[in-house]
Amino acid sequence: MSEILKDSYPAGLASHYPPAILDAVLPLMCLAHPVMLARGTYFIATLDGRPAGCGGWSNAAPGGVGMEPGLAHMRHFAVRTGAMRRGVGRALYDRCAFEARTLGYDRVVTEAALNAEGFYAALGFQALGQESEEINGVPFPYIRMERQL
C-alpha cells in the first residue's frame, strides 16, 4: 500500500498544491494506516498481475471519530501513475460502495484532494465545499464530496 501511495500522491498532488505543502504532508499521507487495514475494508487492486491501486471505506471519519448512522467514508484512494485511466479507481470504489450498501449504508462522503475532484465527480459525488485539515502543522485544502449509495 505504501508503495502505491508513494507513486501516486506526489505526482498527482503536484499539479494542485505548492511544494511547501507537499513537503509537509507527503511523509504522512504516503504511509499505510494499520487501523484502516485491520478493519478489512481497505483493498489493493491489481492490473496485469501487479499492485495498481488502493482504497477503502470506513464508518468513521478520518481521525477515527464522527460516526453517523448510514454514512460511510471513502478513504485513502490512490492509483499508480502507470495504471491511471484504466478503471482501477472505479473498481476500488465499486467494491467499497457495494460492501457499504450491503451493510446498510445509504450515503458516502470523501475528503477529495483538489486533484481528485474530477474522479469523484465522475463517480456521481457532489461537491459540498472546500475545507482544510491541518496535517503536520500545515493546512491541507480538500473538497468535501458526497453521494447516495
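This is a short tour of the main pocket, the salt bridges and the aromatic pairs in the model you have open.

Before you start clicking: the model is predicted, so local features need pLDDT of at least 70, side-chain atom pairs count only at pLDDT 80 or more, and totals for chains, interfaces and linings use all residues. Residues are numbered from 1 along each chain as its sequence is written, and side-chain values use heavy atoms, with hydrogens and water left out.

**Stop 1: the pocket**

Select Tyr 9, Phe 77, Ala 113, Ala 116 and Tyr 120; of the 41 residues lining the largest pocket, these lie nearest its centre. The pocket's volume is about 1100 Å³. Here a pocket is an open set of points on a 1 Å grid over the protein atoms alone, where a 1.4 Å probe fits, with protein on both sides within 12 Å along at least five of seven lines; lining residues have an atom within 4 Å of a point. Volume means the space filled by probe spheres set on the points, which are joined across faces, edges and corners.

Now colour by secondary structure (DSSP runs numbered from the N terminus: helices are H or I with at least four residues, strands E with at least two). Elements that each supply at least two lining residues include α1 (2-13), α2 (19-29), β3 (71-79) and α4 (88-102). Which element gives the largest share of the lining? That is β3, with six residues. By class, the lining has 23 nonpolar, 11 polar and seven charged residues. In this scheme Ala, Val, Leu, Ile, Met, Phe, Trp, Tyr, Cys and Pro are nonpolar, Asp, Glu, Lys and Arg are charged, and the others, Gly among them, are polar.

**Stop 2: salt bridges**

The whole structure holds four salt bridges, each a side-chain nitrogen of Lys or Arg within 4 Å of a carboxyl oxygen of Asp or Glu.

Pick Asp 48 and Arg 86 next: their closest N and O atoms are 3.3 Å apart. This pair links distant parts of the chain, 38 residues apart, with Asp 48 in the loop between β1 (42-47) and β2 (50-58) and Arg 86 in the loop between β3 and α4. Asp 48 counts as exposed at 64% relative accessibility, while Arg 86 is partly exposed at 47%. (Buried is under 20% relative accessible area, exposed over 50%, partly exposed in between, using a 1.4 Å probe and protein chains only.)

Move to helix α4, where Glu 99 and Arg 95 form a salt bridge at 3.2 Å, N to O. They sit four residues apart, so about one helical turn separates them. Glu 99 is buried at 19%.

Then take Glu 146 and Arg 107, bridged at 2.7 Å, N to O. Glu 146 is in strand β6 and Arg 107 in strand β4, so this pair ties together parts 39 residues apart in sequence. Add Glu 68 to the selection: salt bridges that share partners join Glu 68, Arg 107 and Glu 146 into one network.

**Stop 3: aromatic rings**

There are six aromatic pairs in the whole structure. Rings of Phe, Tyr and Trp (its six-membered ring) pair if their centres lie within 6.5 Å; planes under 30 degrees apart are stacked, over 60 edge-to-face, the rest tilted.

Show Trp 57 and Tyr 105: with centres 5.3 Å apart and planes at 70 degrees, the pair is edge-to-face. Trp 57 is in strand β2 and Tyr 105 in the loop between α4 and β4, 48 residues apart. Trp 57 is buried at 6%, and Tyr 105 is buried at 17%.

For the last selection, take Phe 77, Tyr 93, Phe 119, Tyr 120 and Phe 125, a cluster linked by ring pairs.
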